[in-house]
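Colleague: I have the model open next to me and would like to go through it slowly. Please start wherever you like.

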Amino acid sequence: MAHELPPLPYDYSALEPVIDTQTMKLHHDMHHGTYVKNLNAALEKHPNLQSKSPEELLRDLNAIPEDIRATVRNNGGGHVNHSMYWKIMKPKGGGDPSGAIAEAIKKTFGSFKDFQTKFNDAGAKQFGSGWAWLAAKANGELQVLSTPNQDNPISQGLFPIMGNDVWEHAYYLKYNNRRPEYLAAWWNVVNWEEINKRFESLKSGHREPAMASR
Ligand code: MN3
């Protein structure tokens, strides 16, 4: 069974003006679409891995045969990361976080504002392409980190709660080289309900968030 590009949960134009329509089209159809295509092509060489979820593949990259390891890391990562990214955004999102994640953020970082500063900073300082993350350690402790390329915190034994894409393809058409502006505006489309769902899934003992669409 091949991995599939999940449909966007809203229109290409739904996140305007924070994320422009053309960026959404290219980002979802072309970039994410290509990650899925490349992942499937790699797994054809090792059909025994085709039944694994993309998260399972990333959890132990050393277990992936060497001839496809880098491809799985980059394209499996791209698939998992973007499947999350579309879902943790929504039109008319943003505002202060609610529910359990709001409490956890306050407890760990002092305030939502301090957390935002830390998260934006991680995204702004990631050299080249990558992601900014809020992730949890196995003991439940939260941390902000960034990863290069399409690396997902799952490969470091962490549980990714939320992440923002800081590849230029995510923002360049509208924000040009002004990555911090994109990072700041992004909070206006954040979907806290979905992020709380992911956080609940962690608290109920899952080692990974709900599976990416197949
Ligand atoms: Mn991207």
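**Surface, metal site, bridges and sheet**

Modeller: Leu-26 counts as partly exposed because its relative accessibility is 38%, where buried means under 20%, exposed over 50% and partly exposed in between (1.4 Å probe, protein chains only). This is a predicted model in which local features need pLDDT of at least 70 and side-chain atom pairs count only at pLDDT 80 or more, while totals for chains, interfaces and linings use all residues. Residues are numbered from 1 along each chain as its sequence is written, and side-chain values use heavy atoms, with hydrogens and water left out.

Colleague: Where is Leu-26 found, and which residues form a nonpolar patch with it?

Modeller: Leu-26 belongs to helix α1, a helix here being a DSSP run of H or I with at least four residues and a strand a run of E with at least two, numbered from the N terminus. Together with Met-30 and Leu-173, Leu-26 makes up a nonpolar surface patch whose accessible area is about 290 Å² in total. Such patches take residues with over 30% relative accessible area and no salt bridge, joining nonpolar side chains within 5 Å and like charges within 9 Å; areas are Shrake-Rupley values with a 1.4 Å probe.

Colleague: Now the metal. Which residues are the protein donors of the manganese ion?

Modeller: The manganese ion has His-27, His-82 and His-169 as donors through NE2, and Asp-165 through OD, at 1.9 to 2.1 Å. Donors are N, O and S atoms within 2.8 Å of the metal (3.2 Å for Na, K and Ca), and sites may look incomplete because water is not among the atoms. Along the sequence, the spacing of these donor residues reads H-x54-H-x82-D-x3-H. Within this site, His-27 in helix α1 (residues 21-43) and Asp-165 in strand β3 (residues 159-165) link distant parts of the chain, 138 residues apart.

Colleague: And those two, buried or exposed?

Modeller: His-27 is classed as buried because its relative accessibility is 1%, and Asp-165 is likewise buried, with a relative accessible area of 0%.

Colleague: Changing topic: how many salt bridges are there in the whole structure?

Modeller: The search of the whole structure finds 7, a salt bridge being a side-chain nitrogen of Lys or Arg within 4 Å of a carboxyl oxygen of Asp or Glu. One of them joins the side chains of Arg-73 and Asp-151 at 2.9 Å, N to O. That pair connects distant parts of the chain, with Arg-73 in helix α3 (residues 66-87) and Asp-151 in the loop between β2 (142-148) and β3, 78 residues apart. Arg-73 is partly exposed at 39%, whereas Asp-151 counts as buried at 13%.

Colleague: Which residue forms a salt bridge with Lys-137, and where do Glu-200 and Lys-203 lie?

Modeller: Lys-137 bridges to Glu-141, with the closest N and O atoms 2.9 Å apart; Lys-137 is partly exposed at 31%, and Glu-141 is partly exposed at 42%. Glu-200 and Lys-203 meet in a salt bridge at 3.9 Å, N to O, and both sit in helix α8 (residues 192-203), 3 residues apart, which is about one turn of the helix.

Colleague: Last one, the sheet: in what order do the strands come?

Modeller: The 3 strands make an open sheet in the order β2-β1-β3, with antiparallel pairing, and strands pair if DSSP finds at least two bridges between them. The edge strands β2 and β3 each pair on one side only. Strand β1 (residues 130-136) is joined to β2 by 7 bridges, and Leu-134 has Val-144 in β2 as its bridge partner.
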